Every structure is written in C-alpha cells, then in structure tokens.
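Reader: I have a fold on my screen and I'd like to learn to read it feature by feature. Can you walk me through it?

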Amino acid sequence: MTHSAELRGEFVELAPLRPNDSPVLFEWINDRELVILNAPFRPVSREAHEAWFEEVQRRPDTRIFGIKLIDRDRLVGSCQLHDIHPVHRSAELQIRIGAEDARGRGVGTEATRLLLRFGFEELDLHRVYLHVLATNERALRLYRRVGLRTEGTLREAACIEGEWIDVVVMAILHSDGR
C-alpha cells in the first residue's frame with residue numbers, strides 16, 4: 001500500500017478506516033436524504049453495518065478509505081475502489097461526503113483525485129468507472145471536473161422513492177491523464 005503522504009492533498013487525506021469511524025458511517029448509511037442521492041433507502045441495522053464494516057476492510061477486491069479534513073482530523077466521508085479486477089485492471093469508484101458542512105467545498109473533488117491517483121499509480125489500474133444517478137447533478141459535475149467521461153445511460157435503471165431514474169455510466173482511463 002502507499003504511504004499516507006501520497007494520499008494527502010491540500011485539504012483532505014485518505015486514511016484507513018478505524019474502529020471509531022464505524023458509528024459515523026452507520027449514521028450516514030441511515031440518513032435517507034444522503035442515501036437517496038445514490039441508491040434506494042433501506043434502514044441498516046447496527047449488526048448488518050458492523051458485519052459490512054469488518055468485511056469491506058478485508059476484501060481483496062476493495063480498497064476503502066475515510067476522507068478526513070487535514071486541519072481537523074475529522075471524518076467527513078468515505079471513498080472506495082471496489083470490484084478491482086486483476087486481469088482487466090479496472091475498478092468501480094464510489095464516494096460519499098457524509099458531513100453536511102463538508103459538501104460543496106471541493107472536498108469530494110480533491111478526495112476523488114487522490115483516489116484516482118492511488119488507483120492508477122499504486123494499483124496499476126487501466127480504467128476506473130462508476131454509476132451515478134442522472135438526477136445527482138453535483139456528483140456529475142464533480143466527476144466531469146476530474147476527467148471522467150460519460151460512456152452511456154442506463155435508461156430508468158434505478159427506482160428511487162417510487163420514481164424511475166436513469167443511471168449514467170462514466171469512466172476514466174489511465175491514458176486520459178488527469
């Protein structure tokens with residue numbers, strides 16, 4: 001794995017999750033307004049969350065990080081590369097800025113750039129892709145800003161709060177340069 005200095009930007013750093021991060025992540029996964037930006041909301045039990053928290057850190061096909069503000073050492077989000085494929089050298093990116101006061105301040109942009117750099121330089125990935133709801137305009141702007149390109153639209157592929165929503169598939173290749 002990489003040195004922490006390589007996962008440090010101007011405002012944020014990507015750090016391994018710690019046991020005391022679990023309660024904050026549990027709050028975020030049960031925050032309806034936050035969850036429906038990316039997925040249908042279903043309450044998650046403490047037991048199910050703890051099982052996920054332990055498993056996700058052990059999975060060989062996943063690298064998950066806490067997003068921390070450097071000046072406060074406070075967890076404001078999480079990001080991960082998952083479904084890392086060793087032959088295709090690809091992975092799916094996910095990011096969540098859970099702390100409301102950290103949104104709209106460039107935290108997600110910097111964290112995504114750090115995660116992409118980690119994926120391309122440390123994991124030697126060729127391609128990083130993601131799925132985002134077409135209604136999540138803030139996320140779409142962030143992904144375009146860091147160089148992801150739209151590859152297509154999955155029409156009405158998600159049902160969120162009873163409404164059918166398109167899912168946009170985006171990706172960036174190592175050769176695209178960042």
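Reader: Let's start with the hairpin of S6 and S7: which residue takes a positive phi there?

Author: Glu161, with phi near 55°; the hairpin has two residues between the strands. By strands I mean DSSP runs of E, at least two residues long, while helices are runs of H or I, at least four, and both are numbered from the N terminus. This is a predicted model, so local features need pLDDT of at least 70 and side-chain atom pairs count only at pLDDT 80 or more, whereas totals for chains, interfaces and linings use all residues. Residues are numbered from 1 along each chain as its sequence is written, and side-chain values use heavy atoms, with hydrogens and water left out.

Reader: How do the two strands of that hairpin pair, parallel or antiparallel?

Author: In general, strands of a sheet pair through backbone hydrogen bonds, either parallel or antiparallel. Here S6 and S7 are antiparallel, over eight bridges; two strands count as paired if DSSP finds at least two bridges between them. Opposite Ile160 you'll find Glu163 of S7.

Reader: What does Thr153 touch?

Author: Thr153 sits in strand S6. Leaving out residues up to four places away in sequence, it touches Asp166, Val167 and Val168, where contact means heavy atoms within 4.5 Å. Thr153 counts as partly exposed because its relative accessibility is 44%. The cut-offs are: buried under 20% relative accessible area, exposed over 50%, partly exposed in between, using a 1.4 Å probe and protein chains only.

Reader: And Ser90, is that buried or exposed?

Author: Ser90 is in strand S4, and its relative accessible area of 11% is why it is called buried. Again skipping residues up to four places away in sequence, its contacts are Asp83, Ile84, His85, Leu125, Arg127 and Tyr129. From Thr153 to Ser90 you count 63 residues in sequence and 19 Å in space, C-alpha to C-alpha.

Reader: Zooming out, what is the order of the strands in the sheet?

Author: S1-S2-S3-S4-S5-S7-S6: an open sheet of seven strands with mixed pairing. The edges are S1 (12-15) and S6 (149-160), each of which pairs on one side only. Neighbouring strands are turned by 25° against each other on average, with direction ignored. One pairing to look at is S2 with S3 (residues 74-85), which is antiparallel over seven bridges. There, Lys68 has Leu75 of S3 as its bridge partner.

Reader: Which strands does H4 touch where it packs on the sheet?

Author: S1, S2, S3, S4 (90-97), S5 (127-133) and S7 (163-173), and the direction of H4 makes about 155° with that of S4. For such angles, axes are lines fitted to C-alpha atoms, for helices over the stretch in contact, and the values run from 0 to 180 degrees between N-to-C directions. Helix H5 (residues 137-145) lies across S4, S5, S6 and S7, at about 160° to S5.

Reader: How many residues of H4 are buried?

Author: Twelve of its 16, so by the same cut-offs the helix is mostly covered. Among them are Val107, Leu114 and Phe118. H4 covers residues 107-122 and reaches 22 Å from first C-alpha to last, close to the 22 Å expected at 1.5 Å a residue; that expectation is 1.5 Å times one less than the number of residues. Just after H4, Asp124 takes a positive phi of about 55°.

Reader: How many aromatic pairs does the structure hold?

Author: A pair of aromatic rings is described by the distance of the centres and the angle of the planes. This structure holds two. Trp52 and Phe53 have centres 6.4 Å apart and planes at 55°, so they are tilted. The rule takes rings of Phe, Tyr and Trp (its six-membered ring) with centres within 6.5 Å, and calls planes under 30 degrees apart stacked, over 60 edge-to-face and the rest tilted. Phe65 and Phe118 are edge-to-face, at 5.1 Å centre to centre and 85° between the planes. That pair links distant parts of the chain, with Phe65 in strand S2 (residues 63-69) and Phe118 in helix H4, 53 residues apart. Phe65 is buried at 1% relative accessibility, and Phe118 is buried at 3%.
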